[in-house]
Amino acid sequence: MKNMFIHQWTAHVQRKIRRSNLVKKKTEMELIEENGMSTIVLNDNENRFSGPVVARWNELLDIVEKSKSKALAITGTGKYFSNGLDLAWMGKNQSAMEDFLDALWKLQARLLVFPIPTVAIINGHAFGAGFFLALVCDFRVMKEDKGFMCAPEINLGFPLRRFKHVAKAKLNQEAFRTSILGGAKLNGAAAFKLQMVDYAGAEDTLVAVAQNLVKPLSGKTKSTMTIIKKELYEETYQGLIHPEAKL
């Protein structure tokens with residue numbers, strides 16, 4: 001019976017993603033709940049983070065937390081998983097920039113210790129804040145040959161700020177040197193070699209692999225899941241939710 005639900009959820013999510021790619025007018029974020037699984041589908045072209053987008057994220061996560069979902073998948077449509085910060089929005093809202101960044105880091109902290117297992121289905125480019133969005137998930141699967149993961153901060157002359165805590169917790173030394181200090185663009189095969197993703201393969205395999213990854217963690221007591229994640233990532237979690245010391 002459980003395997004039947006897995007198959008139904010996989011087929012349903014794949015249909016929804018294909019449909020989102022075809023329609024011209026779509027909501028910027030869509031929540032799919034099917035057979036005890038939730039999927040947040042990012043539909044806003046480059047899926048960049050702005051103040052309203054962060055607020056919408058929290059609204060959807062509130063719904064997922066209150067539901068009976070046993071796992072959460074996050075994916076995009078088209079070329080992008082998430083292309084990071086919405087620089088145009090930030091330019092128009094400079095007085096709100098620090099509050100926005102604080103809310104963004106707290107959102108990533110929330111996902112880091114989310115009470116059900118999380119998996120990023122990296123369908124395309126994951127840059128900057130989108131790169132770190134993928135990292136805070138429990139698992140990551142990625143298309144093998146199209147789309148890049150990239151932390152471009154060093155190439156742009158920007159410090160990591162609170163993102164540094166995620167990098168230290170989620171990347172091994174070789175991956176840290178290559179992606180964070182080198183600012184390299186890594187396709188799925190390269191990211192898998194560096195152990196940044198759990199799987200890299202054909203696009204039509206990603207949803208099924210993602211579901212199989214989260215399955216062993218599904219159905220655990222939610223409160224205990226969050227407590228243990230906070231214990232495991234205590235420094236990372238605290239670093240994300242509290243202002244960093246000025247250098």
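**Helix α4, its surroundings and a three-stranded sheet**

In helix α4, the buried residues (under 20% relative accessible area, 1.4 Å probe, protein chains only) are F100, L101, D102, L104, W105, L107, Q108, A109, R110, L111 and L112. The model is predicted, so local features need pLDDT of at least 70 and side-chain atom pairs pLDDT 80 or more, while totals for chains, interfaces and linings use all residues. Residues are numbered from 1 along each chain as its sequence is written, and side-chain values use heavy atoms, leaving out hydrogens and water.

Helix α4 covers residues 97-112, and its end C-alpha atoms lie 23 Å apart. This agrees with the 22 Å expected for 16 residues at 1.5 Å a residue, the span being 1.5 Å times one less than the number of residues.

Turning to the whole chain, there are twelve helices and nine strands, taken as DSSP runs (H or I, at least four residues; E, at least two) and numbered from the N terminus. Of the 247 residues, 51% are buried.

Helix α11 (residues 222-232) contains T226, which is buried with a relative accessible area of 17%. Leaving aside residues up to four places away in sequence, T226 touches V113, F114 and P115, a contact being heavy atoms within 4.5 Å.

An open sheet is formed by three strands in the order β4-β6-β8, with parallel pairing. Strands β4 (80-82) and β8 (149-150) are at the edges with a single partner strand each, so one side of each has no neighbour in the sheet. Two bridges join β4 to β6 (residues 125-127) in the parallel sense, pairing requiring at least two DSSP bridges. S82 has A126 of β6 as its bridge partner.

Technical notes:
Buried < 20%, exposed > 50% of the residue type's maximum accessible area, 1.4 Å probe, protein only.
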